[in-house]
Amino acid sequence: MLALTWKIFQCKSVLKKQLISNTNNIMEPVIKINPGASKWDIRQRVWDYIEEKNLANFPRPVHNRIPNFKAANQACNRLAELQEYRSSQTVKVNPDRPQQQARFITLEAQKTLLVPTPRLRSGLFNKITPPQGANKEQLRVCASSQGVKDFSVPVGLDAKVKVDLVVVGSVAVSEKGCRIGKGEGYADLEWAMMASMGAVNDSTVVVTVVHDCQVVDIPEELMGSHDLTVDYILTPTRVIKTECRLPKPQGIIWTKLDAEKLEKIPILKKLRALEEQAGKDVTLGTASHAAEPGLQTNQPKRQPRRRPRRNTQQDTEGETSQESRREKKGEADQKPRQQPARARKDSRGSGRGDEEGEAGKAVKGRSRRMVREQGPEEGRGEATTQRKLPQSVTTVYLGGIPAGLRVSELKTALRERNAAPLRLTWQGAQHRAFLDYSDPQVADQALEALQDLSLNGHSLQAELAKSQRGHKRSGQRQKPSAAAKSKASPPDAKSDAAKEADQ
């Protein structure tokens, strides 16, 4: 009996090794890459295919993201099949949503988990420190994006860290180990920085977790000296050992960076100073190569965040609107330019734009407070969009916003539900936001679309703002007759506006 059991175990081990080593021949790539395609062409093909086939979960659309593909948890669970993972002590996993399960099983296995700081703004990576005796549910919280913020301590450049295995996300990857990210170069830069610190070397195992459709043919000539390659590919159905022949980056290639990149990532300045002291060549390039040109062009589905220009009008997503220019011109003909934009919002209940008075002063004070709460970027964004609103708008109150939610994530959810407003006033510190729509009918449609909105496991409350509701109960949508009634009652609308400002 023991002999039979031993033979069965040996057969399973042999089959498992064959599966890992020979998976390359099992499945042909689903997405065909045209000859001469660039990295950006490959990204677009993969993103378009995932959207077309509905293969991803929130956030959508997947363009310019590491796709949060369906069955990502199943793919992450395959980490436990790798001997290199089982024998590892310190594992670094990227902070993207599709790799959350990889972070969870790493914590559950009581390994040291390192997670990069998002966009490397405040350092290289953080060590996740769960509460003492944490159960599975608590570990899942620690593995989430919010948990990474709440249960982590920064790891300094002088820390003696040895990373045994690295898990990265990808947009596309080939069975030969060539990897393409979303185009901003952060995964490549993180590796280069760890290599400069001595935390990783060419023998450190790199694993990527992707959907089967993301495994495509990538020409090796597209890979640069700064591009990170992978040793294993985990999908919901396969484990692929790449046997990659291309070397991994040995450190930071300073000629690929410029002064602007160093300003965005302060830790690079420290690393550069250390390497300069060590006598290395730290000459910067004249243009940043970390983000490819395609990332800023030909992207109608999601634009990277930019600072608004002072003399342009932009809509809530940062794109120039012909309609907003026409509306602004109409406003300029009807009333003085000095009128505060927020006063128009709170006088909309009466339907007149010439009522300022005490309500206008209260709203003006509130607007200043909101700019301070929002921070520089968001405050400037609101100031840019105030001037283009119509004289009368309908405002929807959105409450219950969870801590840690980004305004970009809320905007994405609104677009997905076809509820994008003319203007979004973000008050994340108070767990709320205000959405301005052009008329009551559009606001009604948005309210209906937002009734079951849930973000980061929290249900959000959508209802008309107090200045719009009159005496309606919470959550009740505005009817056209009620809208007309509110327009006919200026004193009540003014009182409600003051109440909203006090709140």
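Colleague: In what order do the eight strands of the open sheet stand?
Modeller: This is a predicted model. Its eight strands form an open sheet with mixed pairing. Neighbouring strands there are turned by 25° against each other on average, direction ignored. The order is β4-β3-β2-β1-β5-β8-β9-β10.

Colleague: Which strands stand at the edges of this sheet?
Modeller: An edge strand here has a single partner strand, so one side of it is left without a neighbour in the sheet. Two strands fit, one at residues 152-155 and one at 239-241. They are β4 and β10.

Colleague: Which residue in β4 is the bridge partner of isoleucine 128?
Modeller: Strand β3 covers residues 125-128. Four bridges join β3 to β4, and the two run antiparallel. In β4, the partner of isoleucine 128 is serine 152.

Colleague: Why is the pair of tryptophan 40 and tryptophan 47 edge-to-face?
Modeller: The structure holds two aromatic pairs. In the pair of tryptophan 40 and tryptophan 47, the ring centres are 5.6 Å apart. Planes over 60 degrees apart count as edge-to-face. These planes meet that cut-off, so the pair is edge-to-face, at 80°.

Colleague: Are tryptophan 40 and tryptophan 47 buried or exposed?
Modeller: Buried means under 20% relative accessible area. Tryptophan 40 falls in that class, and so does tryptophan 47. Both are buried.

Colleague: Which residue lies over the face of phenylalanine 104?
Modeller: A charge counts as over a ring only within 6 Å of the ring centre. Over phenylalanine 104 the distance is 3.9 Å, and the residue is arginine 140.

Colleague: What is the distance of lysine 261 from the ring centre of tyrosine 186?
Modeller: Here a lysine is placed over a tyrosine. Lysine 261 lies over the face of tyrosine 186, and its distance from the ring centre is 4.9 Å.

Definitions and conventions:
Residues numbered from 1 in each chain as written. Predicted model: local features only at pLDDT ≥ 70, side-chain atom pairs only at ≥ 80, totals over all residues. Heavy atoms only, no water. Phe/Tyr/Trp six-rings, centres within 6.5 Å; stacked < 30°, edge-to-face > 60°. Buried < 20%, exposed > 50% of the residue type's maximum accessible area, 1.4 Å probe, protein only. Lys NZ or Arg CZ within 6 Å of the ring centre and 35° of its normal. Pairing = 2+ DSSP bridges. Axes fitted to C-alpha atoms, helices over the stretch in contact; angles between N-to-C directions.
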